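Please look over the structure shown here together with its sequence. The report below takes up its strands, one of its helices, its internal cavities and a few single residues.

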Amino acid sequence: MTPPHTSPSGSGKAIRVEQDGPVLHVRLNPWQQDDTLGVAVLDEFLLLLDGLHDRPDVRVLVLSSLGTDFCLGADRAEYQASLAADPTGAGLRRIADKAHRLCQALENTHAVTIARLHGRVIGAGLALASFCDLRAGADTCRFRMPEVGIGLPPAWGGAMGRLVSEAGAARIRELMLTCEVFDAATAHRLGLLHRTAPPDRLDEAVDAWTRPLVRRAPEALVLTKRMLAGYAKADRTADVSLLDSHLLTAHINRPRGQSATGTG
């Protein structure tokens with residue numbers, strides 16, 4: 001393989017991108033934020049994925065984070081700032097629509113996508129990871145879907161349908177309604193993780209996927225991925241995720257005195 005090098009598309013601050021031969025490493029880079037998915041992440045990641053259409057040399061994309069945790073969810077401070085700047089909620093809807101477009105782009109890219117998870121994986125972080133083809137997590141990971149507990153609908157990125165199709169409606173219903181924390185072993189049983197490993201062996205688990213994947217015939221790999229994506233989408237025939245941005249805005253932009261409360 002060629003030595004790793006920083007990709008020009010990784011010149012932004014919200015994500016760091018390095019390429020090692022046919023493998024592209026995309027690392028969330030919380031340089032001025034607390035491991036959250038802010039607009040800067042959405043913009044830079046969307047730009048990167050759009051550019052992959054002209055990069056057939058990239059066969060595998062590994063998504064990880066440089067933060068203490070993989071991701072603590074969406075940046076709610078940005079939501080409030082957006083509403084303060086535009087009380088109609090149009091700005092907030094644009095942010096939520098970007099999240100939806102990012103998840104769709106991640107699902108539809110030709111590269112096989114692998115999520116490498118560590119620490120806490122919360123809310124939008126779990127949503128983003130769920131759209132990756134394969135998911136490996138440290139056995140110390142902790143997961144949570146906190147939205148109902150803080151008075152919000154689980155409406156980030158259109159992930160509800162994806163999570164239900166990946167793990168089953170009964171368990172996702174329980175975890176969304178109770179907001180309970182669950183561990184890596186539970187995530188593995190549900191299918192939210194395909195593999196678990198001790199933190200110091202997590203890269204080995206990811207490499208065990210990337211090594212054979214880059215040896216596969218590119219045409220067969222892309223076709224198989226797209227067939228699988230097609231079947232997954234067929235399983236979501238009643239997917240109404242395009243309404244998520246409106247749903248989220250309506251709940252956050254309630255009259256004063258009716259705002260969401262609680263710590264989740």
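What follows is a short report on selected features of this model, which is predicted.

## The hairpin of strands 2 and 3

Strand 2, which covers residues 15-20, pairs with strand 3, residues 23-28, in the antiparallel sense, and the pairing runs over six bridges. The two strands form a hairpin with two residues between them, and in the turn G21 has a positive phi of about 60°. Next to this turn, D20 has V23 in strand 3 as its bridge partner.

## Strand 4 and its neighbours

Strand 3 also pairs with strand 4, this time in parallel, and six bridges join the two; among the partners, V26 is matched with L63 of strand 4. Strand 4 itself comprises residues 60-65, and it pairs in the parallel sense with strand 5, residues 112-117, over four bridges. L63 recurs in this second pairing, where it stands opposite A115 in strand 5.

How many of the residues of strand 4 are buried? The strand is mostly covered, with six of its six residues counted as buried. In a regular strand, side chains alternate between the two faces of the sheet. For strand 4 both faces are covered, since V60, V62 and S64 are buried on one side, while L61, L63 and S65 are buried on the other.

## The two sides of helix 2

Helix 2 runs over residues 76-85, and within the helix Y79, S82 and L83 are buried. These three residues lie on the same side of helix 2 because they cover an arc of only 95° around the axis. The face turned away from this buried side carries the exposed residues A77, A84 and A85.

The N-terminal end of helix 2 is capped by D75, which places a side-chain oxygen 3.1 Å from the backbone nitrogen of A77. A77 therefore appears twice in this description, as an exposed residue of the helix and as the backbone partner of the cap.

## Cavities

The structure holds two cavities of 30 Å³ or more, and about 100 Å³ of space lies in the largest of them. Of the 13 residues that line this largest cavity, A127, E147, P154, A159 and L163 are the closest to its centre.

Which helices supply at least two residues each to the lining of the largest cavity? They are helix 4, residues 124-130, and helix 5, residues 159-167. By residue class, the lining of the largest cavity divides into eleven nonpolar residues, one polar residue and one charged residue.

## Two buried residues, R162 and F182

Is R162, a residue of helix 5, buried or exposed? R162 counts as buried because its relative accessibility is 6%, which falls under the 20% cut-off. The side chain of R162 is joined to that of E107 by a polar contact of 3.0 Å.

F182 is found in strand 9, which consists of residues 182-183. With a relative accessibility of 4%, F182 likewise counts as buried. F182 and M145 are 37 residues apart in sequence, and the separation of the two in space is 9.5 Å from C-alpha to C-alpha.

How values were computed: Residues numbered from 1 in each chain as written. Predicted model: local features only at pLDDT ≥ 70, side-chain atom pairs only at ≥ 80, totals over all residues. Heavy atoms only, no water. Pairing = 2+ DSSP bridges. 1 Å grid on protein atoms, 1.4 Å probe; cavity = no way out; pocket = protein on both sides within 12 Å on 5 of 7 lines; lining within 4 Å. Points joined across faces, edges and corners; volume = space filled by probe spheres on them. Nonpolar A, V, L, I, M, F, W, Y, C, P; charged D, E, K, R; others polar. Buried < 20%, exposed > 50% of the residue type's maximum accessible area, 1.4 Å probe, protein only. Arc of directions from axis to C-beta. Polar contact = N/O pair within 3.5 Å; in protein donor to acceptor, adjacent residues only side chain to side chain.
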